[in-house]
Amino acid sequence: MKYTVLLFLFSCYLFGQTFSNTALNVTGSWNGNLTKTITVGGLPNLQTGVFELAQVNLDLGENLATRNLNTYSITLTKGSVSIQLVAVGGLPNANINRINTKLRFNSFLRRPFEHGATAEPFEIGYYRSQDNLNAFNGIDPNGDWTIQINESSFATGVQFNKVELVFRNPFTVLDYTSINSYDNCQTPYCLGISEIIVASNNGFTNQVGDMYNPNTSSCSWNAAQNNSAWFKFRAASSNVKITISGITNNLQILGIDAGPDGNPCTANDNLVLVGGCPNLASNDTYSSPQYLNGSNKNNQLNLSGLIPGVVYYFLVDGTGAAVSPFYIEIEGASVNCSNCNLNPLASSNSPLCEGENLVLSVDQGVSWIWTGPNNFSSTSSNPIVTNIGAASSGIYTVVVTDSNGCLETASTVVAVNTPITPLFNSLAPICSGATVAALPTTSNNGISGTWAPALNNTATTTYTFTPNAGQCATTTTLTITVNPQVTPTFTAVAPICAGATLTALPTTSNNGISGTWAPALNNTATTTYTFTPTAGQCATTTTLTITVNPQVTPTFTAVAPICAGATVVALPTTSNNGISGTWAPALNNTATTTYTFTPNIGQCATTTTLTITVNPQVTPIFTAVSPICSGATLVALPTTSNNGISGTWAPALNNTATTTYTFTPNPGQCATTTTITITVNPQVTPTFAIANQTYCQGATVIQPILPIISTNGIAGSWNPPSISTTQVGVTTHIFTPNEGQCALTTSLTITVNALVVPTFDAIAPICAGDILMELSTISDNGISGTWSPALNNTATTTYTFTPSIGQCASVITQTIVVVPDPQLIIQGDCEGEEYVLRVLPAPQNGSVSWFYDSVGSNPIFLGNTTFIVADQIGTYTAVYNNSSCEKQYTFFVENNYCKIPKGVSANNDGLNDTFDLSNLKVKYLKIFNRYGTVVYEKANYIDEWDGKSMQGNRLPDGTYYYYIEFMNNKAKTGWVYLTQEY
């Protein structure tokens, strides 16, 4: 069978009293009773199945002497109702010194005397009370309860140490005693899905996967595989406690980890958990060692070092095949556990074509119920639907049942397709003999297949396409038309002379075929042209030849050169090779001219040219004579020019005044006269635009290199040649004219004064974003100027002071340090039940001071630390100081409640109207009623539950139970009381 189990961890109310110095001791015989009172308050009436007295914790006796407790009976009374917790003889028939036990009423628990005196002090697990505790159901539990010890014989006295009454909702109990499928490591049953599990290994057999001593080297355990009962649990915390009570025979227990492979059935790598061995001192707390190769006493495992969320295993094994029922309670386990291992997979042979057979299958189970489209149903594991149609497309679902009675559903999607006609693009007609491209083997609508017959490029043919198997497609046809070829015809073209104009050839033949010619027309050589028809006309190529006759070049006798103005004889109109024609332009005896001869029409002759050179009258050329200074020696002028003309000069040379001399060429040289002027310059004093100057030391000189040409055109050199401001003092620069300029020397005086360094007071560091005062534009020693760059209050910057012009002062810099913003934030979160504010990230240097500012009051200093507990509503300020700057950050706390509410009054009065968990970062919330039914659930919960169900209906007043999973994957359960009263 398949179990759906919920685990509720109910809050309980414990009322108790610790007694001291109350021993009732007598000497000799004694008979009487001892009575104590426990006062209870604030509880609802006890009600069966809702709220009951669930447990009595009883501590009596002392360690100084033994007592013959089997003569005692213990009663509990409230008002008119009284029950026996322990009947006469209900305690062991032996002299023991102490009883410290927890009493519940369950048929699977045993009374203390059934375990014997060796179980003293009876503090492991649970024991059965003589009478059922639910006898008190229906009464008001508030007020005084009386517990009384009655002595029926003689004893040496007894005393109460402590008595506790536990009121709560009834324990949830899951009974596994009627099933035996957990007799196997492959099918362990869950612990933790109920508060109490009752089970038995009765009828269990030895299994191959059972653990025994060779696999438990760290623990002295069973030496052979026995009738083990297998349980599993998922750890909710790192510590888990398991107690087993009510044992009637010799049983052993063990806690294991399934090892690296996660499979508990591979015993060789299973590991005994820390605290998983029952004979450890932390587990076996009886007064003398009781656990040796099994025990019929209550036992426990205190497990530690577990990983939350991981599944572990708990074994109960009979020593020597012993069997017994037992009562298990586990603390620290998750409710996330299932006893079913069914995970079926449904499948089919989809997709199908109409008319084919559908085959369905599922891989698990012992019985099946199939349902599907078109009213389909079947109880077969692999049903077949024949001749399927399109109406049978859809989802087929099977409900699978396994041998344990577990049910699971699986589905598969079936597609039934209608046959498709393949679609292809039609093909244009082709010419006979043209290449036919292979037909596509996949249609436009995705159908693949083959064509027949083979392609034929000589005749029109119809081809058939046959789809490949399995595509739900029909055959189709495609026709390719093949047209015959035609030869184009053209009119012949007459021969032409080379170079003559050729008319473009017609692009349409005499018989109507259009096309193009190649190569391009050529009027210089005989050429055969090919006509290529335009595509799609089914015509062949053809040719046409155009004859081109060559041109003849006329030849003439050359004419000798003449002088400008001489007579030129008329040129002949017939060439030496008999070509007649005309000349142009008209004859010219003043300039060299090229004449063009144009043949008369019809001679296939080219034009030609003839050049008659006419030499011009030449002007003698002489090298110019440089100007001279007045009185300097003049060299005689040359009698032959640079261009070879000889002749004479006049007048005679004169070195005192500028004079023009005339050159007359000798006869027979076709040359003209020419002149040359010799300039005679006076002595000049150089003048300059620059005057004597004064500079600051190191200043930039606009024209540092002194000009080498004076304003009146005198070129020369300076000594020193440039102005320098590196040295303080007076420098005289001498200008010496270059030779040949008829000029005198001159001088320039430069004075250089020393620089002054501006001084300013240093500026202290600032915090990023603080106001920066403008920098002074006049130094402490009176130098005025400007600063750059612009002020920056976000980063450390070096500023440059540039003195105003004319002050003989140097440029200086000053750095203003800007301490960066630490970029801190305040973050508020619940930590446990406290609302904590933290400065993030935690500063690596500097200090943080906290202040609280409630409305209308002065800020209160809270201390120097990176975090505080915000125990009041209001504004909190964190002041960060690192000695260079100070920053303030504020955070307003409007809700610092970090506890889980115990009550919801959904009456819209603005107080506790919802189950407020807004500060607790809840990942998932479930609300259960007293019957374990989920009435509300939500992921990423904040404060939405206002006492209504998931359907929006108001829920009745009463106690509800919650399961909370937080964002850190931790979980918590508890109760909350709901009232809808307005």
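A salt bridge is taken here as a side-chain nitrogen of Lys or Arg within 4 Å of a carboxyl oxygen of Asp or Glu, and the structure holds 8 of them. The model is a predicted one, in which local features need pLDDT of at least 70 and side-chain atom pairs count only at pLDDT 80 or more, while totals for chains, interfaces and linings use all residues. Residues are numbered from 1 along each chain as its sequence is written, and side-chain values use heavy atoms, with hydrogens and water left out.

Three of the salt bridges are tabulated here.

| Pair | N to O separation |
|---|---|
| E195 and R168 | 2.8 Å |
| K921 and D829 | 2.8 Å |
| E965 and K923 | 4.0 Å |

The pair of E195 and R168 links distant parts of the chain, with E195 in the loop between β13 (189–190) and β14 (196–200) and R168 in strand β11 (residues 160–168), 27 residues apart; strands are DSSP runs of E of at least two residues, numbered from the N terminus. Both E195 and R168 are buried, where buried means under 20% relative accessible area, exposed over 50%, and partly exposed in between (1.4 Å probe, protein chains only). The charged end of R168 also sits over the ring of F171, 4.2 Å from its centre, a relation that requires NZ of Lys or CZ of Arg within 6 Å of the ring centre and within 35 degrees of the ring normal. In a second case, K102 lies over the face of Y126, at 5.4 Å from the ring centre.

K921, in the loop between β67 (903–905) and β68 (922–928), and D829, in strand β60 (residues 825–831), are 92 residues apart. K921 is partly exposed at 47% relative accessibility, whereas D829 is buried at 16%. E965 lies in strand β70 (residues 958–966) and K923 in strand β68, so this salt bridge ties together parts that are 42 residues apart in sequence.

Aromatic pairs number 39 in the whole structure, counting rings of Phe, Tyr and Trp (its six-membered ring) with centres within 6.5 Å, and with planes under 30 degrees apart called stacked, over 60 edge-to-face and the rest tilted. The rings of F231 and F314 have centres 6.3 Å apart and planes at 40°, so the pair is tilted. F231 belongs to strand β15 (residues 229–234) and F314 to strand β20 (residues 311–318), 83 residues apart, and both F231 and F314 are buried. Ring pairs join F231 and F314 with Y176, Y182, Y189, F204 and F326 in a cluster.

Notes:
Helices (H or I, at least four residues) and strands (E, at least two) are DSSP runs, numbered from the N terminus.
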